[in-house]
Amino acid sequence: MTAAIPIVLTLKKSCRVPEVRAQVQGIIARLGLEPTGTGASTLSCRVTPSRFAALFERQAKPLAARPPAEADYGAPGGYESEDLPIPAELVPYLESITVLPPATRLSKPGGQDRPLRN
């Protein structure tokens, strides 16, 4: 199975209302993007590498997982890409589309595990 590429769509300020967000969600579903979450100004999605290539006319660069090191717990594998073109159907609604890079896991100060404090 091919890993999905996580992407984030940033809505224009004028489009950050429930009615417009619903319209955009319909468009992204028709484009083959699978919604995974919403924020005040963003929509998160995932897409297969083949659909990504067809939609954005480029490949996302795979990133290998980074194992734990002295200063952190490493990072999972993922993808990266340069700025992505906004498909014509989404131009009226979006400021940008970006690939969500893999997160770096919490740091280990001085190489030692420390409990989190509230």
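How many disulfides does the structure hold? The count is zero. The model is a predicted one. A disulfide is a covalent bond between the sulfur atoms of two cysteines. Two cysteines can be placed by their accessibility. C15 has a relative accessible area of 6% and is buried. C45 is buried as well, at 2% relative accessibility. Both values fall under the 20% cut-off for buried residues.

The protein chain contains two helices and six strands. Read from the N terminus, the order of elements is β-α-β-β-α-β-β-β. The chain thus opens with a strand and ends with a run of three strands. Among the elements, strand 1 covers residues 5–11 and helix 1 covers residues 18–30. Strand 2 spans residues 34–38, and strand 3 spans residues 42–47. Strand 6 takes in residues 94–99.

Charged side chains form two salt bridges in the structure. One of them joins E95 and R16, with an N to O distance of 3.6 Å. This pair links distant parts of the chain, 79 residues apart. E95 belongs to strand 6. R16 lies in the loop between strand 1 and helix 1. Neither partner is buried: E95 is partly exposed at 44% relative accessibility, and R16 is partly exposed at 27%.

The side chains of E34 and R46 also meet in a salt bridge, at 3.0 Å from N to O. Here the partners are twelve residues apart and again link distant parts of the chain. E34 sits in strand 2, and R46 sits in strand 3. The salt bridge therefore connects two strands. Relative accessibility is 40% for E34, which counts as partly exposed. R46 is likewise partly exposed, at 39%.

Totals for the whole chain complete the description. The protein chain has 118 residues, and buried residues make up 31% of them. The accessible surface comes to about 7600 Å². Carbon and sulfur atoms account for 54% of that surface. Contacts were also grouped by sequence separation. Of the contacts in the protein chain with a separation of 6 or more, 62% are between residues 24 or more positions apart.

Note on methods:
Residues are numbered from 1 along each chain as its sequence is written. This is a predicted model: local features need pLDDT of at least 70, side-chain atom pairs count only at pLDDT 80 or more; totals for chains, interfaces and linings use all residues. Side-chain values use heavy atoms; hydrogens and water are left out. A disulfide is a pair of cysteine sulfur atoms within 2.5 Å. Buried means under 20% relative accessible area, exposed over 50%, partly exposed in between (1.4 Å probe, protein chains only). A salt bridge is a side-chain nitrogen of Lys or Arg within 4 Å of a carboxyl oxygen of Asp or Glu. Helices (H or I, at least four residues) and strands (E, at least two) are DSSP runs, numbered from the N terminus. Contact means heavy atoms within 4.5 Å. Accessible areas come from the Shrake-Rupley method with a 1.4 Å probe; for residues, only the protein chains shown count as cover.
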